[in-house]
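Visitor: I should like to be guided through a protein model, one question at a time. Please show the sequence and the structure before we begin.

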Amino acid sequence: MDTSAYLKAHIRTVPDWPAPGVQFRDITPLLQDPKVFRVLIDTFVHRYMDRDMRPDVVAGLDARGFIIGSVVAYELGVGFVPIRKKGKLPFTTVEETYELEYGSATVELHTDAVRPGDRVLLIDDLIATGGTMMAGKKLLEKLGATVREGAAIVALPELGGVQRLQQAGLPLFTLVSFEGH
C-alpha cells in the first residue's frame with residue numbers, strides 16, 4: 001500500500017457533521033496510532049529536508065496545523081510560528097480577515113514571528129475553500145516572508161481551495177484527496 005492510501009485508510013469520515021450533507025474528514029485517528037502518526041510526520045519531513053525545499057520556519061494554522069506543523073518544525077530543526085484566531089495572541093499582531101461560507105473570520109500573527117526574506121512552510125490539516133491558508137499566506141507576506149509552499153494532509157478539490165491557492169501562486173503539497181465535501 002502506498003503512503004497516500006495508507007494514510008487515507010486512517011482518516012475517519014463523519015457524515016452530516018457539522019451540518020447535514022457535510023462529510024467531515026477527521027484526522028484524529030492519524031494522530032492516535034503512533035505508527036500512523038510517524039508515517040504522516042515522516043512523509044512531510046522527508047520532503048522538506050531536501051536543501052531546495054527546506055524552510056527557515058514552519059507556520060501552522062489554528063488549530064490542527066499546530067499539531068502537524070510543530071512536530072515537522074521540530075524534526076527539521078527550525079522554528080515554529082502559530083497563526084491564531086483573532087484575540088488569542090498576547091503580543092503585537094498583524095491580522096487578515098477572510099470570508100467563510102456564512103460570515104467571515106480573522107487570523108493573526110505576531111509582528112516578530114518571521115523576518116523579511118524568511119522561507120516559510122505553511123501547514124494545515126485540510127484545504128477546503130482555501131480561505132484560511134490564503135489568509136495565512138497574506139499575513140506572512142505582510143511581514144516580508146516568502147511562503148515557499150502550502151502543505152496539508154487532506155485536499156478537498158471540489159470546494160475550490162486547491163485551485164484558488166494555486167492561482168494565487170502558492171505551490172501546494174497534499175497527501176490525500178477526497179472527492180465531494
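Visitor: What span should the 12 residues of α5 have, and how far apart are its end C-alpha atoms?

Guide: This is a predicted model, and every value given here is computed from it. The expected span rests on a rise of 1.5 Å a residue, which for the 12 residues of α5 gives 16 Å. The distance between the end C-alpha atoms agrees with that expectation, at 16 Å.

Visitor: Which residues of α5 are buried?

Guide: Burial here requires a relative accessible area under 20%. In α5, the residues that meet this criterion are Gly131, Met133, Met134, Ala135, Gly136, Lys137, Leu139 and Leu140.

Visitor: Which residue with a positive phi follows α5?

Guide: The phi angle of this residue is near 90°. The residue that follows α5 with this positive value is Gly144.

Visitor: Which elements give two or more residues to the lining of the largest pocket, and which gives the largest share?

Guide: The largest pocket has a volume of about 1100 Å³. Of its 30 lining residues, those closest to the centre are Phe24, Leu100, Leu126, Ala128 and Thr129. Two or more lining residues come from each of β2 (23-26), β5 (93-100), β7 (119-127) and α5 (131-142). The largest share, four residues, is that of β7.

Visitor: How many residues in the lining of the largest pocket are nonpolar, polar and charged?

Guide: The lining of the largest pocket can be sorted by residue class. The count is 16 nonpolar, six polar and eight charged residues.

Visitor: Is Asp125 buried or exposed, and with which residues is it in contact?

Guide: Asp125 lies in strand β7. Its relative accessibility is 5%, so Asp125 counts as buried. With neighbours within four places in sequence set aside, the contacts of Asp125 are Ile27, Arg64, Gly65, Ala152, Ile153 and Val154.

Visitor: How many salt bridges does the count come to?

Guide: Side chains of opposite charge can pair when their charged atoms come close. The cut-off applied is a side-chain nitrogen of Lys or Arg within 4 Å of a carboxyl oxygen of Asp or Glu. By this rule the count of salt bridges is 11.

Visitor: With which residue does Asp26 form a salt bridge, and how far apart are the closest N and O atoms?

Guide: Asp26 is in strand β2 and its partner Arg12 is in strand β1 (residues 12-15), so the pair links distant parts of the chain, 14 residues apart. Asp26 is buried, with a relative accessible area of 11%, whereas Arg12 is partly exposed at 40%. The salt bridge joins Asp26 to Arg12, and the closest N and O atoms are separated by 2.8 Å.

Visitor: What is the N to O distance in the salt bridge of Glu149 and Arg47?

Guide: Glu149 counts as buried at 5% relative accessibility, while Arg47 is partly exposed with a relative accessible area of 29%. The pair links distant parts of the chain, with Glu149 in strand β8 (residues 146-155) and Arg47 in helix α3 (residues 34-49), 102 residues apart. The N to O distance between these side chains is 2.9 Å.

Visitor: What is the N to O distance in the salt bridge of Asp62 and Arg84?

Guide: Asp62 is buried, with a relative accessible area of 15%, and Arg84 counts as partly exposed at 22%. Asp62 sits in the loop between β3 (57-61) and α4 (64-76), and Arg84 is in strand β4 (residues 79-85), 22 residues apart. The side chains meet with an N to O distance of 3.3 Å.

Visitor: Which residues are linked with Lys86 in a network of salt bridges?

Guide: The network contains Lys86 and two Glu residues. The residues linked with Lys86 are Glu95 and Glu108.

Visitor: Against which elements do the buried residues of α4 pack?

Guide: α4 has 13 residues and reaches 19 Å from its first C-alpha to its last, close to the expected 18 Å. Its buried residues are Gly65, Phe66, Ile68, Gly69, Val72, Ala73 and Leu76. These buried residues pack against α2 (28-32), α3, β3, β4, β7 and β8.

Key:
Residues numbered from 1 in each chain as written. Predicted model: local features only at pLDDT ≥ 70, side-chain atom pairs only at ≥ 80, totals over all residues. Heavy atoms only, no water. 1 Å grid on protein atoms, 1.4 Å probe; cavity = no way out; pocket = protein on both sides within 12 Å on 5 of 7 lines; lining within 4 Å. Points joined across faces, edges and corners; volume = space filled by probe spheres on them. Nonpolar A, V, L, I, M, F, W, Y, C, P; charged D, E, K, R; others polar. Expected span 1.5 Å × (residues − 1). Buried < 20%, exposed > 50% of the residue type's maximum accessible area, 1.4 Å probe, protein only. Contact = heavy atoms within 4.5 Å.
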